[in-house]
Amino acid sequence: MVVNQPYNIFNMTINFKLLAVLVVIPSILSAQSVPTPEVLPFDPSVRTGKLANGFTYYIRHNEEPKSRVTFYLANKVGSVLETDDQRGLAHFMEHMSFNGTTHYPKNELVNYLQKTGVRFGADLNAYTSFDETVYQLPIPSDKPEIVQHGLQIMRDWAQEATLDPVEINKERGVVLEEKRLGKGAAERMRRQYFPTLLNNSIYAQRIPIGTDEVLNNFKPETIKQFYRDWYRPDLQALIVVGDIDVDAMEKEVKAKFGDLKNPENEKPRPKYTVPLTGKNQFMAVTDPEMTSTAVQVIMKQPELVLHTTEDYRTGIIRELFNMMLADRFSDLQRRADPPFLGGGAGVGGFLGGLDNYSVSVTAKPGEIEKGFKAAWRVNDQAMRFGFTATELDRAKVAYLNQYEIALKEKDKTPSDSYVKEYLQYFLKGNASPGITYEYNLVKADLSGIALDEVNAYAKTNLKTTDRDVLIMAPEKDKASLPGSDVFNGWIKTVDDENITAYHDETSKESLLKTQPVAGKIMKEQRDAKLNITTLTLSNGIKVLLKPTDFKNDEILFSGSSAGGTSLYSDADFQSASAANIVPSFGAGNYNNTVLSKYLSGKKFSVRTAISERSQSVSGSSTVADLEAALQMLYAYITEPRKDTVLFEGLISRSKAGLANRGDNPATVFADTSAAVLSNYNVRRTGPSLEKLNQVSLDKAYQVYKERFADESGFTFVFTGSIDSAAIRPLLEKYIAGLPSLHKNEQAKDLHLNIPAGKITKTVYKGTEPKATVNLVFSGPFDYSFDNDLRMDALKETLQIRLIERLREDESGVYSPSVRAGTAKYPEARFSLNISFGCAPQNVEKLIASALDEISKIRTDGPLQVNLDKFKVENQRSIEVQLKSNGFWLGYISGQLQNKEALDQINHYTDTANKITTADIKAMAAKYLSGKNYIRLVLLPETSK
């Protein structure tokens, strides 16, 4: 189901590379003698067991977040188990689990959970794939009755769906609308190449979303038979991680799930695979709505899951290989005239028991040969000459860093992370030994992995059999595409070239050209209730410190001041907007290439940004790397670089990327919507060649320098693992040392508002029978803390009703969305947006239904039950957010920018709880009157 993320296989495109290290390929032989591999243990912190009926469980106590528990019900049941007349019913069954069970008839399951603070789609969800169906349920654990209901829901999902024929027929429309959302160029091409790519295996015939014929016509008994055959305890597991008593939970699980029954004369659960045929295959597919030419050479190989220490070591080598190869492709794209729009290579998971090594490229228009040869040349260079010692050292440091961070946060790891790890252990057998064991294994293995071993491993991936070539291109380019012989000739040409070894460009210089002149802390104020200290520095900058213990080793920071691109004319806007690319040129003594390599082994990130009304800097760091992060910040602000070669490359790629943009219906609709909502202002309309031609490197660089020349108006916020004493000298050196001119600049009000009045715009584009609807309400807003919460309540109660009516009652949409936003500056305004996809013939009916629900709220207010759902959802959400460094960084920064009191968060729950249905009725009457209403609709060209 996965609300707001419709099922689409491989995102309807193929990209099999660079997947997680937990799926590994066969080990290669090393010249060194290695001990007999040990089987990796399972994490001893997890209580696991198997009941007499075959039902498996995994239980772990974890308090991140506190007073929460996450349940997953995993089923080794997916679309490959369907018969021809059941195609799509594994996924349909997942939907039906939310539409009536023994203890929760019809929609009562969703209704009950919403009353406990669980959001449908965002929290309560499920997904179906080829080989599994997984249900997820995060709930509060501070009330025993809610936990008991959670267990009962899992038990009902396991074997007690009622499959009422009435509910089945209602859900047909919902599933068909989910299927409709996936239609388009990528899906049409996938239908052409999937049978060949998957070697005509059952996977090619069992796309989880199913077929229209089956979904429209199957009999209730057909899905009931699928349910009886496959939803059974010997194919199921319950995963429970959270703030619970493990002993008590295990007792409950045994009692609740021990009586699940396996069917008599049960069918064996077959294990399907994609067979390796030894053949090489060539596929070239086109579509009129495809906007670029993509090429992949896919070399399939057997998959090995992570069972032993040897497997684990091979997995590390594989990931080091992927990291170094990715860096080389990044180097290639830094040229003045990059040979392609994008390219890459790496080893990753495939499907049906296979991995693959893939070399891929998205070519510039008309340059498929040039682009592919450039990508294959990177591949050949790595295979012939291997990698360098400096490349491997950087990769090892970066790889180990991930595990060091995870180990330090061992007791602050979110429950969801554990759940997903145990899910893969159950479904695929990927080992889960625990972070302490893994860290020690990684540290030991990395020290023993030699460059020769990695280089030897690289060559094992290059195959001349089981190699598929896939080309996807615009229909208009069909005649110019190569055939199999021509394409193989390109490969041979590169293979025969006299390629030289890779040169790893590094620098021994320090990052900064000039060390900052330290300033001083001039003033200090402390808010004991919020635990926030405000420092005023000698250059005028203010710094707010909020130490927390939410993470063991995490510091987040951001700083901003008013100004932005609003201070530049329309004539200079394109260059001003392009100023954001300046940091990509490098900083201080390091050009882009050297800087990228310098950053690869660091546990921090820093970004600068210039938006319409401000310039800002933000980042994250561990405690040990905070000084390095602040050095990077100082370099970006005071020592930016100008790089003509990189600039020309970026502009070249951007121009090439615009080709065929107008052939994509979704892009055309998005560009049209942006133009209408901005009253066709040049600052908000979509990209174009004309706009790119206006960008000047000199002007962009000048704007960047100007925006960061005066830091006196900046306010910085730091949250996380802050040592208030240790951070002070760093602030004095790197923040108080920033330049200040005391200009007191303010952003300009450009009056770029959504136009007033009633506007209708219909775009006719595309061939699929699908429509997209966007309804926008906007206008002036009485901004206040209370009204902001009321608008949020209005949005949420409307969202609940639109799901109930448009989806559940009318079966006309998959996932209607309501989004609301308010702003205090430069003018207090709001916007509320309703969007959904549907069949073209249902557009008018569904718009009428949506407007009718708005009218009901304007006239009568929302139902009290829906307002109560909003309140409890909000309360449960804020409880978790208050324990997040990211929340506090965003909240404090937002309050400062809006010039609002920092203690408003202390009144959040009380204010939300005081909201009444009359308040929401008044909000709807005032802001959703229809006086300012824009209707945007995308229809297929045949609807004209």
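## Strand 13, boxed in

A residue counts as buried here when its relative accessible area is under 20%. This is a predicted model, and strand 13 (residues 467-474) is a good place to start. Eight of the eight residues in strand 13 are buried, so the strand is largely enclosed by the rest of the structure.

Who sits beside it? On one hand there is strand 8 (residues 281-287), which runs parallel to strand 13 and is joined to it by seven bridges. On the other there is strand 9 (residues 293-302), paired with strand 13 in the antiparallel sense over six bridges. Methionine 472 turns up in both pairings: it is the bridge partner of valine 285 and also of alanine 294. Elsewhere in strand 13, leucine 470 stands opposite glutamine 296.

## The sheet around it

Zooming out, strand 13 belongs to an open sheet of five strands in the order 8-13-9-12-11, with mixed pairing. Strand 8 and strand 11 (342-349) are the edge strands; each has a single partner strand, so one side of each is left without a neighbour in the sheet. From one strand to the next, the twist averages 15°.

There's a helix to look at here too. Helix 15 (residues 484-495) lies across strand 8, strand 9 and strand 13, and it runs at about 110° to strand 13.

## Helix 1, also under cover

Which residues of helix 1 are buried? The list is Leu89, Ala90, His91, Phe92, Met93, Glu94, His95 and Met96. That is eight of the eight residues in helix 1 (residues 89-96), so to speak a mostly covered helix.

The cover over those buried residues includes two strands, strand 5 (125-128) and strand 6 (133-140). It also includes helix 4 (165-181), helix 6 (212-217), helix 7 (220-230) and helix 24 (785-809).

## Two nonpolar cores

In soluble globular proteins, nonpolar side chains tend to be buried together. The largest nonpolar core in this model has 80 residues, and the members touching the most others are Phe71, Leu124, Leu137 and Trp157. Helix 3 (residues 144-159) gives the most to this core, with seven residues. A second, separate core has 57 residues, among them Leu511, Leu626, Ile637 and Ile722.

Back in the largest core, what does leucine 137 touch, leaving aside its neighbours within four places in sequence? Its contacts are Val69, Thr70, Phe71, Leu113, Val118, Leu124, Gly150, Ile153, Met154 and Trp157.

Note on methods. Residues are numbered from 1 along each chain as its sequence is written. This is a predicted model: local features need pLDDT of at least 70, side-chain atom pairs count only at pLDDT 80 or more; totals for chains, interfaces and linings use all residues. Side-chain values use heavy atoms; hydrogens and water are left out. Buried means under 20% relative accessible area, exposed over 50%, partly exposed in between (1.4 Å probe, protein chains only). Helices (H or I, at least four residues) and strands (E, at least two) are DSSP runs, numbered from the N terminus. Two strands pair if DSSP finds at least two bridges between them. Contact means heavy atoms within 4.5 Å. A nonpolar core is a set of buried Ala, Val, Leu, Ile, Met, Phe, Trp, Tyr and Cys residues joined through side-chain atoms within 4.5 Å. Axes are lines fitted to C-alpha atoms, for helices over the stretch in contact, and angles run from 0 to 180 degrees between N-to-C directions.
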